[in-house]
Amino acid sequence: MKTIAILLLVGVAAAAAQDPASDPRKRMIFRPGEATPEATPTPTPTPPPASRRVEPPAAIEAFFLALQAGRVEAAYETLVRGTVIADRREDVEQLMERTKRALDSYGPITGYETLDVSESGSRLVRHTCISVNEDLPLRWRFYFYRGPEGWKLIDLRVDDGLAELFEK
């Protein structure tokens with residue numbers, strides 16, 4: 001009798017040690033009070049990082065860090081990913097080309113400062129920044145919209161209209 005009990009315990013321990021992921025049978029869960037089992041729910045997959053929306057300040061920081069590293073294309077690709085702007089490929093390419101020319105004229109970017117954050121309601125925000133360039137700064141205005149999926153860029157303007165910063 002002791003031999004049978006020991007063999008049963010060894011068999012139970014071996015079955016418990018088996019990896020449930022390698023078991024071809026589905027795992028069933030019996031909820032208290034229910035007569036029929038329910039299949040183990042499949043966890044909801046986490047979206048890949050590229051589809052996650054970031055807050056405007058983080059998006060702006062990533063943009064300027066890429067520009068600082070001389071990666072103009074990467075800066076724009078990341079900034080406009082998942083937006084209607086990305087669908088207008090010609091516009092994005094023009095922005096990249098103008099940015100490259102501006103960096104040639106005003107010098108490489110060594111940093112940036114956020115000068116103003118203006119909200120229009122709870123879903124629209126504008127961040128006005130200057131890039132700290134070697135020769136002269138540039139003014140950057142980023143317009144973001146908070147939709148059902150989070151914040152996304154809807155417009156970007158860059159110029160050298162620095163005098164306007166002092167006029168209210």
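Helix H2 passes helix H3 in a right-handed crossing. Bear in mind that this is a predicted model. Here's a quick tour of how H3 sits against two other helices, H2 and H5, followed by a look at the second largest pocket.

**H2 against H3**
- H2 covers residues 56-68, and its axis lies 7 Å from that of H3.
- The two pack at an angle of about 165 degrees. Angles over 145 degrees count as roughly antiparallel, so that's the label for H2 and H3.
- On the H2 side, the contact uses Ala59, Phe63, Ala66 and Leu67, and these meet Val72, Ala75, Tyr76 and Leu79 of H3.
- Sorted by class, that contact has eight nonpolar residues, with no polar and no charged ones.

**H3 against H5**
- H3 (residues 72-80) and H5 (residues 89-106) have axes 10 Å apart and pack at an angle of about 140 degrees, which means H3 is oblique to H5.
- This crossing, too, is right-handed.
- H3 brings Val72, Glu73, Tyr76, Glu77 and Val80 to the contact, while H5 offers Arg89, Val92, Leu95, Met96, Thr99, Lys100 and Leu103.
- The mix here is seven nonpolar, one polar and four charged residues.

**The second largest pocket**
- There's about 230 Å³ of space in this pocket.
- Strands S3 (109-120), S4 (124-133) and S5 (138-147) each give at least two residues to its lining.
- The lining is made up of Leu115, Asp116, Arg126, Thr128, Arg139, Arg141, Glu164, Leu165, Glu167 and Lys168.
- By class, the lining has seven charged residues, two nonpolar and one polar.

Definitions and conventions: Residues numbered from 1 in each chain as written. Predicted model: local features only at pLDDT ≥ 70, side-chain atom pairs only at ≥ 80, totals over all residues. Heavy atoms only, no water. 1 Å grid on protein atoms, 1.4 Å probe; cavity = no way out; pocket = protein on both sides within 12 Å on 5 of 7 lines; lining within 4 Å. Points joined across faces, edges and corners; volume = space filled by probe spheres on them. Helix = DSSP H or I, 4+ residues; strand = E, 2+ residues; numbered from the N terminus. Nonpolar A, V, L, I, M, F, W, Y, C, P; charged D, E, K, R; others polar. Axes fitted to C-alpha atoms, helices over the stretch in contact; angles between N-to-C directions. Parallel < 35°, antiparallel > 145°, perpendicular 65-115°, else oblique. Left-handed = near helix turned anticlockwise from the far one by under 90°. Contact = heavy atoms within 4.5 Å.
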